[in-house]
Amino acid sequence: MKLIIFLSLAGFLALCSCSKIIHPHEEVMSSFKTKEDVKKQFGIPDEKRELNEVTEWLYNCDTISAFTASKTKVRMHGTYNTVYGSLDRPSTNVTEFTHYISYVKFDFDKQGKVIGWDSREVNFAEKRIRPGATAAVVIGSVVGVLYIAEYLWLNNLLSSLGKSSTQ
């Protein structure tokens, strides 16, 4: 029974550890250059505000908003989430943003170019699963566990044979 539990844990660890980050969160967020880029990916913001010739858009990521309901997968190089085109929900113009636990915020200049961004409790790092590495780790773990189990079994068998021959 312990062997099955160990194999399960080893397999789970192997599956979780064999992914490679292609683009870190910062690189993905910095890839959005204009309001149109942001709108294509994230849709209409939950809240907007104007401050000293800067427009700020805030996306709430900690409740059932259009952002979280879409299960968006942020990607670079023009692959956008298309869910938002069908959502008809207006943004709320505010003087002070609501304090959310998880959010994404973009700042735009007068021309609509992204001049800054901020995020909290979200990670849009683009990862690639490496199935070959995962398979190698799983197979290696299984072989290692089987080797240890066989060694313990043989050791136990030889020990019991030694006890029976001395009696």
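Strand 2 and strand 3 form a hairpin with two residues between them, where strands (E, at least two residues) and helices (H or I, at least four) are DSSP runs numbered from the N terminus. In the turn, asparagine 52 has a positive phi of about 45°. The model is a predicted one, in which local features need pLDDT of at least 70 and side-chain atom pairs count only at pLDDT 80 or more, while totals for chains, interfaces and linings use all residues. Residues are numbered from 1 along each chain as its sequence is written, and side-chain values use heavy atoms, with hydrogens and water left out.

The two arms of the hairpin, strand 2 (residues 47-51) and strand 3, run antiparallel and are joined by five bridges; strands count as paired if DSSP finds at least two bridges between them. Arginine 49 stands opposite glutamate 56 of strand 3, and glutamate 50 has threonine 55 as its bridge partner in that strand. Strand 2 also pairs with strand 4, here in the parallel sense and over two bridges. Lysine 48 stands opposite asparagine 93 in strand 4.

These pairings belong to an open sheet of five strands, in the order 4-2-3-5-6 and with mixed pairing. Strand 4 (92-93) and strand 6 (114-120) are the edge strands, each pairing on one side only. Helix 3 packs on the sheet and touches strand 3, strand 5 and strand 6, contact meaning heavy atoms within 4.5 Å. The direction of helix 3 makes about 10° with that of strand 3; axes are lines fitted to C-alpha atoms, for helices over the stretch in contact, and angles run from 0 to 180 degrees between N-to-C directions.

Which residues of helix 3 are buried? They are Asp37, Val38, Gln41 and Phe42, buried being under 20% relative accessible area with a 1.4 Å probe and protein chains only. Seen down the axis of helix 3, these residues fall within an arc of 100°, so they line one face of the helix; the arc is that of the directions from the helix axis to the C-beta atoms. Glycine 43 follows helix 3 and has a positive phi, near 85°.

Val38 and Phe42 also appear among the residues with the most contacts inside the largest nonpolar core, which has 14 residues. Such a core is a set of buried Ala, Val, Leu, Ile, Met, Phe, Trp, Tyr and Cys residues joined through side-chain atoms within 4.5 Å. Helix 2 (25-30), helix 3 (35-42), strand 3 (54-60) and strand 5 (103-108) each supply at least two of its residues. The largest share, three residues, comes from strand 5.

Note on methods: Buried < 20%, exposed > 50% of the residue type's maximum accessible area, 1.4 Å probe, protein only.
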